[in-house]
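Reader: I have a new model open and would like to practise reading it with you. Could we go through it feature by feature?

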Amino acid sequence: MRALPRLVVITDWRLPRARLLTALERALEAGPDVAVQHRHPEASGRLFLEEARLLADVCRGRTLFVNGRLEVALLVGAHLHLPASGPSPRDVRPFLPADRWVSVAVHDAREAEGAVDADLALVSPVFAPGSKPGDTRDTLGPHGFSGLAERLPCPALALGGMTPERAREVPGAWGVAVISAVLEAEDPLAAARALLDACRPPRDGGGVMLRGRDALPDLR
């Protein structure tokens, strides 16, 4: 059975392709708690699919989420991440195989309440995002994150300016999602391990969080 990831590394295709893929390969060596999310909103449909296929090869045997494009997730055998402006988990469930996870983006209470039937939520921005220096949105802070996490029907990952030090400050987080903290690290594997080590232990003490409705088989 596969547990939900506790670290999601989100792609930044502004980096040279070889550097990005190498960093992801290194981060994935930290173990099955690490997943990748393919995000590239500026890409054409053809380019997005090409990149998704590259990532599916890198993530072979590991967890890959595709951001916002159901058809691409189906084509490469990936899980699906839904942006806040996208359809709801209930909208897409009928089109996904039963063994696929759906994660959602959450920024406020309304979006948290709309996350019904999601398997995982990425809650942001907890702190100012390191990959978006021009982002002027108000940050949630640890207490704001905790308040949204309590409203969710699924585990929550903290996204936005996350470091190992900050991860220890965020109550109620199942784990973290990052971009630059891993992709721009001198040693992506060491960075991934440090973030995983900093995440608070799961509340059940067992280290495993399976999908709410049932346990999932390993998706390869």
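**Reading the sheet and its surroundings**

Author: Happily! Let us start at one pair of strands: strand 1 (residues 7–10) and strand 8 run parallel and are joined by 3 bridges. Keep in mind that this is a predicted model.

Reader: Which residue of strand 8 is the bridge partner of Leu7?

Author: The general idea is that strands of a sheet pair through backbone hydrogen bonds, in either a parallel or an antiparallel sense. Here, Leu7 has Val176 in strand 8 as its bridge partner. Strand 8 also pairs with strand 7 (residues 156–159), again in the parallel sense and over 3 bridges. In that pairing, Leu159 is matched with Ala177 of strand 8.

Reader: In what order do the strands close into a barrel?

Author: The order is 1-2-3-4-5-6-7-8, with 8 strands closing the barrel and parallel pairing. On average, neighbouring strands of this sheet are turned by 25 degrees against each other, with direction ignored.

Reader: Are the two faces of strand 8 covered or uncovered?

Author: Both are covered. Gly175 and Ala177 are buried on one side of strand 8 (residues 175–178), and Val176 and Val178 are buried on the other.

Reader: Let us move along the barrel. How many bridges join strand 5 to strand 6?

Author: There are 4 bridges between strand 5 (residues 102–106) and strand 6 (residues 120–123), and the two run parallel. One of the matches puts Val106 opposite Val123 of strand 6 as its bridge partner. Helix 6 (residues 141–151) packs on the sheet, where it touches strand 5, strand 6 and strand 7. The direction of helix 6 makes about 155 degrees with that of strand 7.

Reader: Which residues of helix 6 are buried?

Author: A general point helps first: an α-helix has 3.6 residues a turn, so residues three or four places apart point the same way. In helix 6, the buried residues are Gly141, Phe145, Ser146, Leu148 and Ala149. Their cover includes strand 5, helix 5, strand 6 and strand 7.

Reader: Now for the loops. Where is Pro125, and what is the peptide bond from Ser124 to Pro125 like?

Author: Pro125 belongs to the loop between strand 6 and helix 6. The peptide bond leading from Ser124 to Pro125 is cis, and its omega is near -10 degrees.

Reader: What is the phi of Asp117?

Author: Asp117 has a positive phi of about 80 degrees, although it is not a glycine. You will find Asp117 in the loop between helix 5 (109–113) and strand 6.

Reader: Why is Asp117 classed as partly exposed?

Author: Because its relative accessible area is 23%, and the partly exposed class runs between 20% and 50%.

Reader: How many aromatic pairs does the structure hold?

Author: In general, a pair of aromatic rings is described by the distance of the centres and the angle of the planes. This structure holds 0 such pairs. Rings do meet charges, though: Arg69 lies over the face of Phe48, 4.3 Å from the ring centre. Likewise, the charged end of Arg166 sits over the ring of Phe127, at 4.5 Å from its centre.

Reader: And for the whole protein, how many helices and strands are there?

Author: The protein has 9 helices and 8 strands. Of its 220 residues, 52% are buried. Among contacts between residues at least 6 apart in sequence, 62% join residues at least 24 apart. The protein exposes about 10,200 Å², and carbon and sulfur atoms supply 50% of that area.

Definitions and conventions
Residues numbered from 1 in each chain as written. Predicted model: local features only at pLDDT ≥ 70, side-chain atom pairs only at ≥ 80, totals over all residues. Heavy atoms only, no water. Buried < 20%, exposed > 50% of the residue type's maximum accessible area, 1.4 Å probe, protein only. Pairing = 2+ DSSP bridges. Phe/Tyr/Trp six-rings, centres within 6.5 Å; stacked < 30°, edge-to-face > 60°. Lys NZ or Arg CZ within 6 Å of the ring centre and 35° of its normal. Axes fitted to C-alpha atoms, helices over the stretch in contact; angles between N-to-C directions. Contact = heavy atoms within 4.5 Å. Areas by Shrake-Rupley, 256 points an atom, 1.4 Å probe, with all protein chains shown as cover.
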